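Biologist: Could you give me a close account of one part of this model, starting from a single residue and following its surroundings outward? Please then set that part beside other places in the chain.

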Amino acid sequence: MSPIDAFRLSDAAARKYQDHSVPAMFAPLAEATVERLELPADGHILDVACGTGALTRVILQHLPGKGRVVGADLNQSMIDIAQSLTTQTNHRVDWVASDVTALPLDAHSFDLACIQQGLQFFPDKPAALAEIYRVLKPGGRLCLTCWRAISPFNNALAEALAIHVGDDAAQKARAPFSFRDGDVITNLLRQAGYSIALHDGIILQRRFEDLRAQVLALPVEQDMREKGEAVIDLVLDDISTRLAPYAQNGVFIVPQEAHFFVTMRP
């Protein structure tokens, strides 16, 4: 399996992502991101690794004037859901299923590009940033969010999986946090030719109203199901015990921290 193929998702996995991970995490992060951005009037904006369009939809809601918004993702399954959720707008909306290192887009086409929680999964990060640089207009901006600490939830999940399922599953649980060193990210961006205009943080409060559904919507689902229902119950009980300090009225409310970068292309 190639590094790219490892990130291809089935239709069912994309639907679970939209139904559980988006409302719990990626939609709130999208709102927090756009609150911090000054969207250009009539702007042309690219959402890279757009998934099912959580950030794309928030951009469409807040973009002034009449612009163009493109959502690009490796997975056609994600793009199909994103298209189905697109509502009427004054802006032109395009969806592209593409590898980030070979975007079918013209050079110097966009005022702003965004990557929400995608950089850590790109097998060739310099090539991805170079391709985004190519499609940005001179003076265009790149906005990037990337987790800056392993969340208490994912840490609890990884530790429970290591005990009851195996180390490979535990590694999957920590994978979204594998590229969290702010200095490393800063150096990578600068080496790609971007100047850092802003490096700040975003802290989300992630809600787990249905812990089982949210855990089984993650890439570790298959690892857990292969062990059987009894092991799934053990994992969920273990996570619940570890997250007890975050319980409020029967709901776990767990902080999750992200880097927030805004960079400029010369």
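**The surroundings of Val 22**

Modeller: Leaving out residues up to four places away in sequence, Val 22 is in contact with Tyr 17, Ala 27, Pro 28, Thr 52, Ala 54 and Arg 57. The model is a predicted one, and what follows should be read in that light. Val 22 itself belongs to helix H1, which runs over residues 11-36. Its relative accessibility is 4%, and because buried means under 20%, Val 22 counts as buried. A further distance places this part of H1 in the fold: the C-alpha atoms of Val 22 and Gly 53 lie 9.2 Å apart, although 31 residues separate the two along the chain.

Two of the residues that Val 22 touches, Tyr 17 and Ala 54, also appear in the lining of the largest cavity. The structure has one cavity of 30 Å³ or more, and the largest cavity encloses about 60 Å³ of space. Besides Tyr 17 and Ala 54, its lining includes Phe 26, Asp 47, Ala 49, Cys 50, Leu 55 and Gln 116. Two elements, H1 and helix H2 (54-62), each give two or more residues to this lining. By class, six of the lining residues are nonpolar, one is polar and one is charged. The charged one is Asp 47, and the polar one is Gln 116.

H1 and H2 are met again from the side of helix H3, residues 76-84. The buried residues of H3 are Ser 77, Met 78, Ile 79, Ile 81 and Ala 82. These residues pack against H1 and H2, and also against strand S2 (68-73) and strand S3 (92-97).

The loop that follows H1 offers a contrast in exposure. Asp 42 is found there, between H1 and strand S1 (44-48). Its phi is near 60 degrees, a positive value in a residue other than glycine. With a relative accessible area of 44%, Asp 42 is partly exposed. Asn 249 also has a positive phi, of about 55 degrees, without being a glycine. Its place is the loop between strand S7 (247-248) and strand S8 (251-264). The relative accessible area of Asn 249 is 84%, and therefore this residue is exposed.

For a setting elsewhere in the chain, consider the pairing of helix H5 (residues 152-164) with helix H6 (residues 167-174). The two pack at an angle of about 170 degrees, and their axes are 7 Å apart. Because angles over 145 degrees count as roughly antiparallel, H5 and H6 are described in that way. On the H5 side the contact is made by Asn 154, Asn 155, Leu 157, Ala 158, Glu 159, Leu 161 and Ala 162; on the H6 side, by Asp 167, Ala 169, Ala 170, Ala 173 and Arg 174. Sorted by class, this contact has seven nonpolar, two polar and three charged residues.

Ala 169, one of the H6 residues in that contact, is also touched by Asp 223. Asp 223 lies in helix H9 (residues 221-227). Apart from neighbours within four places in sequence, Asp 223 is in contact with Val 165, Ala 169 and Lys 172. At 15% relative accessibility, Asp 223 counts as buried, as does Val 22 at 4%.

Notes:
Residues are numbered from 1 along each chain as its sequence is written. This is a predicted model: local features need pLDDT of at least 70, side-chain atom pairs count only at pLDDT 80 or more; totals for chains, interfaces and linings use all residues. Side-chain values use heavy atoms; hydrogens and water are left out. Axes are lines fitted to C-alpha atoms, for helices over the stretch in contact, and angles run from 0 to 180 degrees between N-to-C directions. Helices (H or I, at least four residues) and strands (E, at least two) are DSSP runs, numbered from the N terminus. Angles under 35 degrees count as roughly parallel, over 145 as roughly antiparallel, 65 to 115 as roughly perpendicular and the rest as oblique. Contact means heavy atoms within 4.5 Å. Buried means under 20% relative accessible area, exposed over 50%, partly exposed in between (1.4 Å probe, protein chains only). On a 1 Å grid over the protein atoms alone, a cavity is a set of points where a 1.4 Å probe fits but cannot get out, and a pocket is an open set with protein on both sides within 12 Å along at least five of seven lines; lining residues have an atom within 4 Å of a point. Grid points are joined across faces, edges and corners, and a volume is the space filled by probe spheres set on the points.
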